[in-house]
Amino acid sequence: TDNHIGPAGLQALAASTFFPKLTSLDLSGNQIGGGGVQALAASPFFPNLTSLNVSSNQIGDAGVQALAASVFFPKLTTLAMRRNQVGDAGMHAFAASSFFPNLTSLVVRDNQIGCAVLEAL
């Protein structure tokens, strides 16, 4: 939390093969942006992740869309995306995704998401 690793730091983390048993990853407040989340979403090196917090990173719709399209988080049960400038487009993509069969907790407070999209979730 709040280490300011940025997109380049997350890209390096996403390319690392040292964390196959990691179950929880808190990246909140690290200025990773949409590009950082896209790198994480494309990474096959976190197969056991059950909890992911990307809050306060300005990931925007592009970041959420990348997560929604990722096949690499099948065990994820908790996803926090607070304060990320996420709008309806990102959440529509996430609501339509079938890649999160075990998700039981989704935190999307403090974004620009309309009521209709939230009902779709």
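The legends below describe close-up views of a predicted model of one protein chain.

**View 1. The whole chain, with five helices and four strands.**
Along the sequence, helices and strands follow the pattern α-β-α-β-α-β-α-β-α. The C-alpha trace spans about 40 × 30 × 20 Å along its principal axes. A compact globule of 121 residues would have a radius of gyration near 14 Å, and the 13 Å of this protein chain agrees with that. Of the 121 residues, 41% are buried. Among contacts between residues at least 6 apart in sequence, 87% join residues at least 24 apart.

**View 2. The open sheet of four strands.**
The strands lie in the order β1-β2-β3-β4, and their pairing is parallel. Which strands stand at the edges? They are β1 (24–26) and β4 (105–107); each has a single partner strand, so one side of each is left without a neighbour in the sheet. On average, neighbouring strands are turned by 0 degrees against each other, with direction ignored.

**View 3. The pairing of β1 with β2.**
Strand β2 covers residues 51–53 and runs parallel to β1, to which it is joined by three bridges. In this pairing, Ser 24 stands opposite Ser 51 of β2. On its other side, β1 has no neighbour in the sheet, because β1 is an edge strand with a single partner.

**View 4. Helix α1 against helix α2.**
Helix α1 is made of residues 6–14, and its axis comes within 8 Å of the axis of α2. The two axes cross at roughly 5 degrees. An angle under 35 degrees counts as roughly parallel, and α1 and α2 are therefore roughly parallel to each other. From α1, the residues that meet α2 are Pro 7, Leu 10, Gln 11 and Ala 14. Their counterparts in α2 are Gly 35, Gly 36, Val 37, Ala 39 and Leu 40. By class, six residues of this contact are nonpolar and three are polar, with no charged residues.

**View 5. The mostly covered helix α2.**
How many of the nine residues of α2 are buried? Seven of them are, namely Gly 33, Gly 34, Gly 36, Val 37, Ala 39, Leu 40 and Ala 41. These buried residues pack against two helices, α1 and α3, and against two strands, β1 and β2.

**View 6. Helix α2 against helix α3.**
The axes of α2 and α3 are 8 Å apart and form an angle of about 5 degrees. The two helices are therefore roughly parallel to each other. Gly 34, Val 37, Gln 38 and Ala 41 of α2 meet Ala 62, Gly 63, Ala 66 and Leu 67 of α3. Five residues of this contact are nonpolar, three are polar and none is charged.

**View 7. The buried residues of helix α3.**
Gly 60, Gly 63, Val 64, Ala 66, Leu 67 and Ala 68 are buried in α3. What covers these residues? The cover includes α2 (33–41), β2 and α4.

**View 8. Helix α3 against helix α4.**
Helix α3 (residues 60–68) packs on helix α4 (residues 88–96) with the axes 8 Å apart and an angle of about 5 degrees. The two helices are therefore roughly parallel to each other. On the α3 side, the contact is made by Asp 61, Val 64, Gln 65 and Ala 68. On the α4 side, Asp 88, Ala 89, Gly 90, Met 91, Ala 93 and Phe 94 take part. The contact has six nonpolar, two polar and two charged residues.

**View 9. Gln 85 in the loop between β3 and α4.**
Strand β3 covers residues 78–80, and Gln 85 lies in the loop between this strand and α4. Phi of Gln 85 is near 60 degrees, a positive value in a residue other than glycine. Leaving out residues up to four places away in sequence, Gln 85 touches Gln 58, Gly 60, Asp 61, Asn 111 and Gln 112. Ile 113 is 28 residues from Gln 85 in sequence, and their C-alpha atoms are 8.9 Å apart.

**View 10. His 4 in the segment before α1.**
His 4 is not a glycine, yet its phi is positive, at about 55 degrees. His 4 counts as partly exposed because its relative accessibility is 48%, which falls between the cut-offs of 20% for buried and 50% for exposed.

Key: Residues are numbered from 1 along each chain as its sequence is written. This is a predicted model: local features need pLDDT of at least 70, side-chain atom pairs count only at pLDDT 80 or more; totals for chains, interfaces and linings use all residues. Side-chain values use heavy atoms; hydrogens and water are left out. Axes are lines fitted to C-alpha atoms, for helices over the stretch in contact, and angles run from 0 to 180 degrees between N-to-C directions. Angles under 35 degrees count as roughly parallel, over 145 as roughly antiparallel, 65 to 115 as roughly perpendicular and the rest as oblique. Contact means heavy atoms within 4.5 Å. Ala, Val, Leu, Ile, Met, Phe, Trp, Tyr, Cys and Pro count as nonpolar, Asp, Glu, Lys and Arg as charged, and the others, Gly among them, as polar. Two strands pair if DSSP finds at least two bridges between them. The radius of gyration is taken over C-alpha atoms; the globule rule is 2.2 Å times the number of residues to the power 0.38. Buried means under 20% relative accessible area, exposed over 50%, partly exposed in between (1.4 Å probe, protein chains only).
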